[in-house]
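Work through the three exercises below with the sequence and model in view. Try each task before you read its solution.

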Amino acid sequence: MLAVVGMNGSGRATFIKLLCRLYDPTEGEILLNGINIRKYNYLDYMSIFSVVFQDFRLFAFPLGQNVAAGVNCNGERAKNCLIKAGFGERLAAMPEGLETYLYQDFSDSGVNILGGEAQKIAIARALYKNSPFIILDDPTAALDPVAKAEIYSKFSEIVEDKTAIYISHRLSSCRFCDDIVVFDAREIVQQGSHEKLVADRGGKYYELWYAQAQYYA
């Protein structure tokens, strides 16, 4: 589990978009297993990533189709992914389960989804795809503190044996990750565990950590 941190404009989002081949690099190269990613079939390469960006969208279709990102949905798999993402109680309360429409564009009985709930569904969608890489771009931004704590405590269970890349503005939420990469001015300036980075008093991570910590003193 890798955390990617840094100030706004530091290059985190561009790094992820390059990794996912939404952009091609104008110089240098990105390697997967020692091979330039441009040599892989584009759709095959895209299939290895499950990504939740901050600007994800849900659709006014049944919940199950939103999780599966398609018409056909494996109900048991979708349910398990929703429970892992912390949506289990809300799912149990839905009148038609996975067949419940989101919003009321196409069904008068559709349910409205709040920001935090939508974020959990988006995480479930990424889990449903079951790709070897999962990338979460500040996935708890719209969640309340209790829901955030639930996601953090179960993060290892959620990602299972996948390679996880976790982008966050909140450095406290990155402590459970195995490794942390710090971006500044569009460069990686530090890399290591939380304990190693916070001990470096002259480093960017130390500066960011204590700039945030003062608000929790």
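Three exercises follow, on a strand, a loop residue and the nonpolar cores.

This is a predicted model, where local features need pLDDT of at least 70, side-chain atom pairs count only at pLDDT 80 or more, and totals for chains, interfaces and linings use all residues. Residues are numbered from 1 along each chain as its sequence is written, and side-chain values use heavy atoms, with hydrogens and water left out.

**Exercise 1.** Find which strands β6 is joined to by bridges.

Solution. Strands are DSSP runs of E, at least two residues, numbered from the N terminus. Two strands pair if DSSP finds at least two bridges between them. Start with β1 (residues 2-6): three bridges join it to β6, in parallel. Valine 4 stands opposite isoleucine 167 there. Next take β5 (residues 133-137): five bridges join it to β6, also in parallel. Here isoleucine 134 has alanine 164 as its bridge partner. Finally, four of the five residues of β6 (residues 163-167) are buried (under 20% relative accessible area, 1.4 Å probe, protein chains only). So β6 is largely enclosed by the rest of the structure.

**Exercise 2.** Decide whether serine 107 is buried or exposed.

Solution. Locate serine 107 in the loop between α5 (88-93) and α6 (115-129). Its relative accessible area is 14%, so serine 107 is buried.

**Exercise 3.** Describe the largest nonpolar core.

Solution. Such a core is a set of buried Ala, Val, Leu, Ile, Met, Phe, Trp, Tyr and Cys residues joined through side-chain atoms within 4.5 Å. The largest has 44 residues. Leu63, Leu82, Ile121 and Tyr205 have the most contacts inside it. Helix α6 gives the most to this core, eight residues. Apart from it lies another core of 15 residues, including Cys20 and Val181.

Note on methods
Buried < 20%, exposed > 50% of the residue type's maximum accessible area, 1.4 Å probe, protein only.
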